[in-house]
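I opened my notebook for a fresh look at this one. Come along while I go through the ligand site and then the packing inside.

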Amino acid sequence: MAKTSFGKKHIPLIIGNWKMNPQTEAEAQKLFTEIHKGIGTKNAIAQVAIAVPFVFIGTIAKIAKKSRVTLAAQDVHNEPQGTYTGEISLPMLKSFGVSTVIIGHSERRKGGESDAAVRVKTEAALQAGLTAVVCVGEMVRDAHGEYFNIVQGQLRSACTNIKKSQLSRLVVAYEPIWSISTGDGKGKTVTAEDALEMKLFIQKCIAEIFGRSAVPKVRVLNGGSVNAENAQTLLEEGRADGFLVGGASLKPADFVQIIKISDTYGKS
Ligand code: PGA
């Protein structure tokens, strides 16, 4: 695969995050099936995962077996079992074939999830052999560049005990809360320029933590108001290694389009 001046070009990784949607099992089946049929297998290049609500994982896992779409989880507990009411463990997720877990989504951080919690969850997910998608990003974009320090702090904390051998399963998703389509910022889009600037900054942080050789191993996704209109530009000009898609992953036609754009980009 072609090299770019920004390092290795990865096969795009597209993760849909359904959040607390849809409301019934039947709707979840319908939505997943429409996406899975819509993208088909022809020209399949991009890696695709959907983080469905926990209660639908069993049902969706059966459809996912016949699909190129793999299963992700929206969160996980760091302990493998025990007295943790309401929590879901890594062994539970693995038993349904879940291969990817989103950790520290900005909506969870906003609700009080700490850097320390993100760190232990990340360590546990990588230790269990899953791909850990660690979300980083600021609440608001200040004019003085404090947001870089916030992202750096979140990354340093999450990476404290990660082993170099685990880095190919570490994915960083930049999804500042101001850009979430349904959030307080009402979805101001991360421009390709913002995305590229932050990708390079995240890569610099990764190099500082693990050494330069680590940089090509870690994919940096873009999240926040990604849609069928801006996906191409974010890949080409923002050099995103893929996307974390919220709202648009609930609209089958839009999500299918984002995946097809990523297939074509991945092939080039
Ligand atoms: P959005 O959500 O695509 O609806 O903005 C993205 C996210 O939650 O990461």
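How far does a backbone N or O atom of G246 lie from an oxygen atom of the ligand? I looked it up in this predicted model, and the distance is 2.9 Å.

**Entry: polar contacts to the ligand.** I then checked S225, where again a backbone N or O atom faces a ligand oxygen atom, here at 2.7 Å. For H105 I noted a polar side-chain atom 2.6 Å from an oxygen atom of the ligand. I also looked up the cover: on its own the ligand has 280 Å² of accessible area, and the protein covers 99% of that.

**Entry: the shell.** I listed the residues around the ligand: K19, H105, E175, S179, I180, S181, G224, S225, L244, V245, G246 and G247. Sorted by class, I get seven polar, three nonpolar and two charged residues.

**Entry: the cores.** Next I went to the largest nonpolar core, and I found 73 residues in it. L155, I202, F243 and I258 have the most contacts inside this core. I asked which helix gives the most to this core. My answer is helix α7, residues 192-210, with seven residues.

I followed I258 a little further. Leaving out residues up to four places away in sequence, I258 touches I14, V226, N227, A228, A231, F243, V245 and A248. Apart from this core I found another one, of twelve residues, including A51, V171, A173 and L244.

**Entry: links between the two topics.** I marked L244 twice, as a member of the twelve-residue core and as a residue around the ligand. V245 also got two marks, as a contact of I258 and as part of the ligand's surroundings.

Methods: Residues numbered from 1 in each chain as written. Predicted model: local features only at pLDDT ≥ 70, side-chain atom pairs only at ≥ 80, totals over all residues. Heavy atoms only, no water. Core = buried A, V, L, I, M, F, W, Y, C linked by side-chain atoms within 4.5 Å. Buried < 20%, exposed > 50% of the residue type's maximum accessible area, 1.4 Å probe, protein only. Helix = DSSP H or I, 4+ residues; strand = E, 2+ residues; numbered from the N terminus. Contact = heavy atoms within 4.5 Å. Near = heavy atom within 4 Å. Polar contact = N/O pair within 3.5 Å; in protein donor to acceptor, adjacent residues only side chain to side chain. Areas by Shrake-Rupley, 256 points an atom, 1.4 Å probe, with all protein chains shown as cover. Nonpolar A, V, L, I, M, F, W, Y, C, P; charged D, E, K, R; others polar.
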